[in-house]
Amino acid sequence: MKTLLSILFLFSTNAFAKPNVIVFLIDDLGWADLSCQGSEYYETPNLDKLAASGIRFTNSYSANPVCSPTRAALLTGKAPQRVGITQWIPQPSTLHLPAEETTIAEAFQSAGYQTGYIGKWHLGEKDNQLPTANGFSWMKSVNRAGQPASYFFPYTRKSKRGNYWDVPDLKDGKEGDYLTDALTDHALDFIKEKKAKPFFLYFGHYAVHTPIQAPKELVKKYEEKKKKLYGNGGAEKIFHRYQTTSRSRQDHATYAAMIENLDTNIGRVMSKLDELRLTENTVILFTSDNGGHCHLKKSPGVTCNLPLKSGKGWTFEGGIRIPTIISWKGKLKPGICNTPMISMDVMPTLLDLTDQKLLPKQHLDGTSLKPALLGNATPALNERTLAWTYPHNHGSGHRPSHAIRKGNWKLIHFDTTDTNELYDLSTDLGEKTDLARKHPNKVKALQAKLAAWIKETTP
């Protein structure tokens with residue numbers, strides 16, 4: 001009888017327990033950078049396993065083609081321009097995530113969750129602008145610069161600004177230690193420490209952003225794989241507007257090694273959840289802050305986003321379409337979801353999935369995708385309008401542009417030339433055939449809708 005009562009107690013406790021939530025936000029990871037997304041050069045077995053156990057979004061987008069705006073959007077549920085962040089934040093800067101915003105962490109905190117943040121922030125460098133001032137009660141290894149000086153211990157370099165480049169909380173390391181491994185150690189500690197009560201962990205990886213560095217043995221592995229796949233010949237460059245070029249194939253050995261190491265560390269977290277029997281009570285969301293970095297002025301970037309056009313810094317698909325996986329083992333039926341998704345949707349979706357009250361006055365530009373996750377997406381959800389504004393020059397060669405997608409139609413407006421390009425993504429995912437002249441009425445309608453959206457969302 002005692003054993004039966006114990007089983008019933010455990011069942012009732014678990015049945016009503018709030019699920020844990022882990023958000024993995026990867027820096028600069030491209031849509032085609034996972035093997036489950038079609039890569040034949042990069043190896044990501046753990047992320048493939050996560051995708052197989054969850055729902056992989058094929059039409060997932062970042063809110064912006066660069067990092068800080070997307071990070072602000074993900075935390076607030078608002079289009080980046082609503083919070084005044086439309087460009088990556090060059091430090092030092094007075095620009096930061098506004099304190100008056102209710103972040104996703106503050107929402108979870110109000111619901112009784114333990115909240116933790118690890119890694120890249122890049123939304124303010126002062127103490128009262130860091131994660132601990134925005135709803136995270138536990139914080140590790142958040143530096144002021146927004147990127148590491150090095151991925152190898154001691155992860156720093158000399159600076160007139162003191163500890164600006166330091167990645168804190170890692171002083172106990174030793175020569176040869178690798179940053180992504182060290183950050184994951186913190187994640188495992190957090191999970192073990194907080195396992196008794198519901199937790200919300202936001203893991204902002206510095207990888208796979210520059211500097212492009214990886215453990216030597218992994219780099220050697222991919223150098224050999226490159227020779228096996230491609231021989232000794234170099235790849236042709238892809239030439240774009242404004243005298244820029246991008247990589248035509250995935251063949252950067254060090255970048256590939258960074259991705260495998262990242263995948264291994266995602267696997268370590270998944271294994272810890274299994275070990276602690278938390279997997280079936282943990283929602284995992286894996287995503288990126290913008291498209292892969294393939295496109296530069298004088299030379300190609302480190303990855304290739306084909307079949308998508310262009311990459312980080314551009315409003316073509318390669319700059320904004322990103323890999324996204326949501327997994328909740330035993331609760332969400334595994335599969336592929338074609339419903340459009342954007343960074344602002346993360347907040348309402350996770351609140352809805354965990355049966356919390358939605359905050360529509362906060363996540364103004366986000367939509368809960370719970371219906372899509374449950375296989376009940378409506379036509380309105382599948383045909384929803386998504387839009388982007390990036391009114392800046394960028395090191396990738398980009399000049400100010402704005403974009404809008406409605407159904408399968410996508411329009412891009414370029415400020416410099418005051419021209420529009422129109423694409424049908426259902427037949428032209430690579431944005432090769434501009435249909436603007438063929439469909440002038442469609443251009444006019446989408447341009448008007450885009451201008452209205454920018455006006456509405458820009459203070």
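Two strands are taken to pair if DSSP finds at least two bridges between them. The legends below describe close-up views of a predicted model.

**Figure 1. Strands β4 and β5 pair in parallel at one end of the eight-stranded sheet.** Strand β4 (residues 114–119) and β5 are joined by three bridges and run parallel. Within this pair, Gly116 has Trp138 of β5 as its bridge partner. The sheet to which the two strands belong is open, with the order β5-β4-β6-β1-β9-β11-β2-β12 and mixed pairing. Its edge strands are β5 (138–140) and β12 (335–337), each of which pairs on one side only. From one strand to the next, the twist averages 15 degrees.

**Figure 2. Strands β7, β8 and β10 form an open sheet with antiparallel pairing.** The order of the three strands is β7-β8-β10. Because β7 (237–240) and β10 each have a single partner strand, one side of each is left without a neighbour in the sheet. Four bridges connect β7 with strand β8 (residues 244–247), and the two run antiparallel. Lys237 is placed opposite Arg247 in β8.

**Figure 3. Helix α7 lies across three strands of the eight-stranded sheet.** The strands concerned are β1 (20–26), β6 (199–204) and β9 (282–288). Relative to β1, α7 runs at about 175 degrees. In the order of the sheet, β6, β1 and β9 follow one another. Helix α7 itself spans residues 253–275, and its contacts with three other helices are the subject of the next views.

**Figure 4. Helix α2 packs obliquely on helix α7.** The angle between α2 (residues 45–53) and α7 is about 50 degrees, and their axes are 7 Å apart. An angle between 35 and 65 degrees is classed as oblique, and the two helices are therefore oblique to each other. On the α2 side, the contact is made by Pro45, Asn46, Leu47, Lys49 and Leu50. These residues meet Asp263, Thr264, Ile266, Gly267 and Met270 of α7. By class, the contact of α2 with α7 comprises five nonpolar, three polar and two charged residues.

**Figure 5. Helix α6 crosses helix α7 in a right-handed manner.** The axes of α6 (residues 216–230) and α7 come within 8 Å and cross at roughly 125 degrees. The helices α6 and α7 are therefore oblique to each other. From α6, the residues in contact are Leu218, Val219, Lys221, Tyr222 and Glu223. Their counterparts in α7 are Ala253, Thr254, Ala256, Ala257, Glu260 and Asn261. Six nonpolar, two polar and three charged residues make up the contact of α6 with α7.

**Figure 6. Helix α5 runs roughly parallel to helix α7.** The axes of α5 and α7 come within 10 Å and cross at roughly 15 degrees. Angles under 35 degrees count as roughly parallel, and α5 is therefore placed in that class with respect to α7. The crossing of these two helices is right-handed. Helix α5 contributes Thr180, Asp181, Thr184, Asp185, Ala187, Leu188, Ile191 and Lys192 to the contact. Helix α7 contributes Asn261, Leu262, Asn265, Arg268, Val269, Lys272 and Leu273. The residues of the contact of α5 with α7 divide into six nonpolar, four polar and five charged. Asn261 of α7 is listed in this contact and also in the contact with α6.

**Figure 7. Two loops contain cis peptide bonds, and a further loop contains a residue with positive phi.** The bond from Thr210 to Pro211 is cis, with omega near 0 degrees. Pro211 belongs to the loop between β6 and α6. Leu306 and Pro307 are likewise joined by a cis peptide bond, for which omega is about 15 degrees. The loop that holds Pro307 lies between β10 (295–296) and α8 (317–320). Asp169 is not a glycine, yet has a positive phi of about 70 degrees. Asp169 is located in the loop between β5 and α5 (179–194).

**Figure 8. Residues 1–16 have pLDDT below 50.** For the chain, the mean pLDDT is 94, and 97% of its residues reach 70 or more. Over residues 1–16, in contrast, the pLDDT is below 50. In the model, this stretch has zero contacts beyond near neighbours in sequence.

Note on methods:
Residues are numbered from 1 along each chain as its sequence is written. This is a predicted model: local features need pLDDT of at least 70, side-chain atom pairs count only at pLDDT 80 or more; totals for chains, interfaces and linings use all residues. Side-chain values use heavy atoms; hydrogens and water are left out. Axes are lines fitted to C-alpha atoms, for helices over the stretch in contact, and angles run from 0 to 180 degrees between N-to-C directions. Angles under 35 degrees count as roughly parallel, over 145 as roughly antiparallel, 65 to 115 as roughly perpendicular and the rest as oblique. Contact means heavy atoms within 4.5 Å. Ala, Val, Leu, Ile, Met, Phe, Trp, Tyr, Cys and Pro count as nonpolar, Asp, Glu, Lys and Arg as charged, and the others, Gly among them, as polar. A crossing is left-handed if the near helix is turned anticlockwise from the far one by less than a right angle, and right-handed if clockwise. pLDDT is the predictor's confidence in each residue, from 0 to 100.
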